[in-house]
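Q: Please give me a close look at a single part of this structure: the sheet and what lies around it. I am new to this structure, and short sentences would help.

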Amino acid sequence: MNTMPLRYAVYDTSIGDVTLIANDKALTGLIIGAVDPQGAVNEENAVLYDAIIELNQFFFRQRKNFDLKLQPDGTDFEKKVWAFVETIPYGKTMTYEEVAAGIGEPNGERSVGMALNHNPIPLFIPCHRVVGKNGSLVGYIGGLELKKWLLTMEKQYANKEFHPGNYEDPE
């Protein structure tokens with residue numbers, strides 16, 4: 001049981017408001033939209049501050065990988081799926097079938113889909129990079145338009161070199 005207090009803050013990003021939730025050591029949740037999560041205090045901490053910096057760098061095409069410590073709450077199977085999905089490179093996609101095979105569950109596409117549906121930290125755990133057979137866009141907590149936008153952005157910038165301090169607006 002997590003005894004560290006949860007804190008949250010709502011931030012305006014390129015995709016609209018997101019609610020970030022963290023304890024004092026790790027990011028525990030990201031909700032697309034502005035909400036008041038039950039059991040969390042509306043108060044920033046260092047983890048939330050770092051999370052919004054990394055998220056903004058991602059949206060400004062200055063970051064391909066997140067460094068923030070994550071602490072998603074889920075079953076052992078869900079955590080296994082999420083950990084695997086974190087290894088999908090920026091600008092690349094995998095099918096549900098490929099993810100299932102990658103975690104040693106060759107017939108587990110449906111279970112993988114359910115685990116991704118319960119992903120408490122989308123974007124940081126990039127479930128938008130998991131697609132249906134033949135690359136079809138199916139299921140995303142933020143909606144299919146957002147999934148398409150994220151995949152298009154990543155594909156467009158996949159070969160760009162990122163350098164610290166290189167924070168010009170890409171538009």
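A: Two strands count as paired if DSSP finds at least two bridges between them. Strands (E, at least two residues) and helices (H or I, at least four) are DSSP runs, numbered from the N terminus. The model is predicted, and local features need pLDDT of at least 70, side-chain atom pairs pLDDT 80 or more, while totals for chains, interfaces and linings use all residues. Residues count from 1 along each chain as its sequence is written, and side-chain values use heavy atoms, with hydrogens and water left out.

Confidence comes first. pLDDT is the predictor's confidence in each residue, on a scale from 0 to 100. Its average over the chain is 89, and 92% of the residues score at least 70. Confidence is highest in H2, at a mean of 96, and lowest in H5, at 89.

Now the sheet. It is open, with 4 strands in the order E3-E2-E1-E4 and mixed pairing. E3 (27–32) and E4 (40–42) stand at the edges; each has a single partner strand, so one side of each lacks a neighbour in the sheet. From one strand to the next, the twist averages 30°. Angles such as this run from 0 to 180 degrees between N-to-C directions, with axes as lines fitted to C-alpha atoms, for helices over the stretch in contact.

Take the pairs in turn. E2 (residues 16–22) and E3 run antiparallel, joined by 5 bridges. Ile-21 has Gly-29 in E3 as its bridge partner. Helix H1 packs on the sheet and touches E1 (6–13), E2 and E3. Its direction makes about 25° with that of E1. Touching, or contact, means heavy atoms within 4.5 Å.

Back to E2 and E3. Thr-19 faces Ile-31 in E3. A hairpin through 4 residues links the two strands. Asn-23 sits in the loop between E2 and E3. A polar atom of the Asn-23 side chain lies 2.8 Å from the backbone nitrogen of Ala-26. Asn-23 is buried, with a relative accessible area of 0%. Buried means under 20% relative accessible area, exposed means over 50%, and partly exposed is in between (1.4 Å probe, protein chains only).

On its other side, E2 meets E1. These two pair antiparallel over 7 bridges. Tyr-11 stands opposite Val-18 in E2. Thr-13 stands opposite Gly-16 in E2. E1 and E2 form a hairpin, with 2 residues between them. E2 is largely enclosed by the rest of the structure, because 5 of its 7 residues are buried.

E4 is the last strand in the order. E1 and E4 run parallel, joined by 3 bridges. Leu-6 stands opposite Ala-40 in E4.

In a regular strand, side chains alternate between the two faces of the sheet. In soluble globular proteins, nonpolar side chains tend to be buried together.

That leads to the core. The largest nonpolar core has 42 residues. Such a core is a set of buried Ala, Val, Leu, Ile, Met, Phe, Trp, Tyr and Cys residues joined through side-chain atoms within 4.5 Å. Leu-20, Leu-27, Leu-55, Val-81, Leu-116 and Phe-124 have the most contacts inside this core. E1, E2, E3, H1, H2, H3 (96–102), H4 (109–117) and H5 (144–157) each supply at least two of its residues. H1 gives the most, with 7 residues.

Phe-124 shows how the sheet is tied in. Leaving out residues up to four places away in sequence, it touches Leu-20, Leu-27, Leu-30, Ala-51, Glu-54, Leu-55, Phe-66, Leu-68, Leu-70 and Glu-86.

Finally, follow the chain past H1. The loop between H1 (46–59) and H2 (76–85) holds Arg-61. Arg-61 is buried, at 9% relative accessible area. Its C-alpha atom is 9.8 Å from that of Glu-161, although the two are 100 residues apart along the chain. Arg-63 lies in the loop between H1 and H2 as well. Arg-63 is buried too, at 15%. A polar atom of its side chain lies 2.7 Å from the backbone oxygen of Asn-65. The Arg-63 side chain also makes a polar contact with that of Asp-67, at 3.0 Å. A polar contact is a pair of N or O atoms within 3.5 Å; within protein, one must be able to donate a hydrogen and the other to accept it, and residues adjacent in sequence count only if both atoms are side-chain atoms.
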